[in-house]
Amino acid sequence: MTQLTFTETYSTLPIWAPNAHGFYYKEANANNTYSIVYYDFETAEKKQILNANKDVIRAFNISPDGSRLVITGLEQTTNDEYGNLYFFNLKKNKLIQVFHMPIPLGIPHWVRLQAP
């Protein structure tokens with residue numbers, strides 16, 4: 001067994017990249033925020049993909065073609081918690097909020113529907 005992450009905080013939710021050249025994971029930052037990080041097997045280097053400043057990243061998943069992440073976040077205000085859903089385009093490095101709801105959201109999954 002080989003340890004791949006070394007931080008003073010913790011790393012969770014590893015997800016294989018579709019091309020099998022690495023994996024994505026969620027990393028806690030020292031300031032109580034989270035990042036999504038990519039670990040490349042070939043170079044043995046990690047690259048921060050997204051740093052969440054406002055939301056707490058709850059969970060994420062990668063599209064089957066490896067071009068996008070779908071992310072659920074938890075936005076906490078003084079009296080309420082809101083669930084946010086985002087798409088993150090890995091090629092354009094662009095985050096798009098899809099919706100904002102007054103309930104926490106769970107683990108997102110990609111689904112391909114076939115026409116009958």
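# A tour of an eight-strand chain

The protein chain has 8 strands and 0 helices. The model is a predicted one. Read from one end of the sequence to the other, the pattern is β-β-β-β-β-β-β-β.

**Whole chain**

Start with the full protein chain in view. Along the principal axes, its C-alpha atoms fill a box of roughly 50 × 45 × 25 Å. The radius of gyration is 15 Å, which agrees with the value near 13 Å for a compact globule of 116 residues. Show the surface next: the accessible area comes to about 7,900 Å², and 53% of that area belongs to carbon and sulfur atoms. Of the 116 residues, 36% count as buried.

Now turn on contacts between residues at least 6 apart in sequence. Of these, 26% join residues at least 24 apart. Then colour by charge. There are 10 positive and 10 negative charges in the protein chain, and their mean positions are 9 Å apart.

**Lys46 and Glu27**

Side chains of opposite charge can pair when their charged atoms come close. How many salt bridges does a search of the whole structure find? The search finds 1. Select Lys46 and Glu27 to see the pair, whose side chains meet at 3.0 Å, N to O. Lys46 belongs to strand 4 (residues 45-52) and Glu27 to strand 2 (residues 22-28), so the salt bridge ties together parts that are 19 residues apart in sequence.

Are the two partners buried or exposed? Lys46 is partly exposed, at 44% relative accessible area. Glu27 counts as buried, with a relative accessibility of 8%.

**Gly22**

Stay in strand 2 and select Gly22, which is placed there. Gly22 has 0% relative accessibility and counts as buried, because the cut-off for buried is under 20%. Display what surrounds Gly22, leaving out residues up to four places away in sequence: Gly22 touches Trp16, Ala17, Tyr38, Tyr39, Asp40 and Phe41. For a distance to draw, take Gly22 and Ile36, which are 14 residues apart in sequence and 13 Å apart in space, C-alpha to C-alpha.

**Gly83**

Move on to strand 7 and select Gly83. Gly83 is another glycine to check for cover: its relative accessible area is 0%, and Gly83 is buried. Which residues are in contact with Gly83, leaving aside its neighbours within four places in sequence? They are Gly73, Phe99, His100, Met101, Ile103, Pro104 and Leu105. Pick Met101 from that list and draw the C-alpha line to Gly83: the two residues are 18 apart along the chain, and their C-alpha atoms are separated by 5.1 Å.

**Two backbone angles**

Most residues other than glycine have a negative phi. Two residues to select here are Leu13 and Asn93.

Leu13 is not a glycine, yet its phi is positive, at about 55°. Leu13 lies in strand 1 and is partly exposed, with a relative accessible area of 31%.

Asn93 also has a positive phi of about 55° and is not a glycine. Where is Asn93 found? Look in the loop between strand 7 (81-89) and strand 8 (94-101). Asn93 counts as exposed, at 53% relative accessibility, because the cut-off for exposed is over 50%.

**Outside the strands**

Go back toward the start of the chain and select Phe6, in the segment before strand 1 (11-16). Is the residue buried or exposed? Phe6 is exposed, with a relative accessible area of 60%. Draw a line from Phe6 to Gln48: the pair is 42 residues apart in sequence, and the C-alpha atoms are 14 Å apart.

The last selection is Arg112, in the segment after strand 8. Arg112 is exposed, with a relative accessible area of 66%. Add Met1 to the selection and draw the C-alpha line: Arg112 and Met1 are 111 residues apart along the chain and separated by 35 Å.

Terms used
Residues numbered from 1 in each chain as written. Predicted model: local features only at pLDDT ≥ 70, side-chain atom pairs only at ≥ 80, totals over all residues. Heavy atoms only, no water. Salt bridge = Lys/Arg side-chain N within 4 Å of Asp/Glu carboxyl O. Helix = DSSP H or I, 4+ residues; strand = E, 2+ residues; numbered from the N terminus. Buried < 20%, exposed > 50% of the residue type's maximum accessible area, 1.4 Å probe, protein only. Rg over C-alpha atoms; globule rule 2.2 N^0.38 Å. Contact = heavy atoms within 4.5 Å. Areas by Shrake-Rupley, 256 points an atom, 1.4 Å probe, with all protein chains shown as cover. Lys, Arg positive; Asp, Glu negative; His and termini not counted. Charge placed at Lys NZ, Arg CZ, Asp CG, Glu CD.
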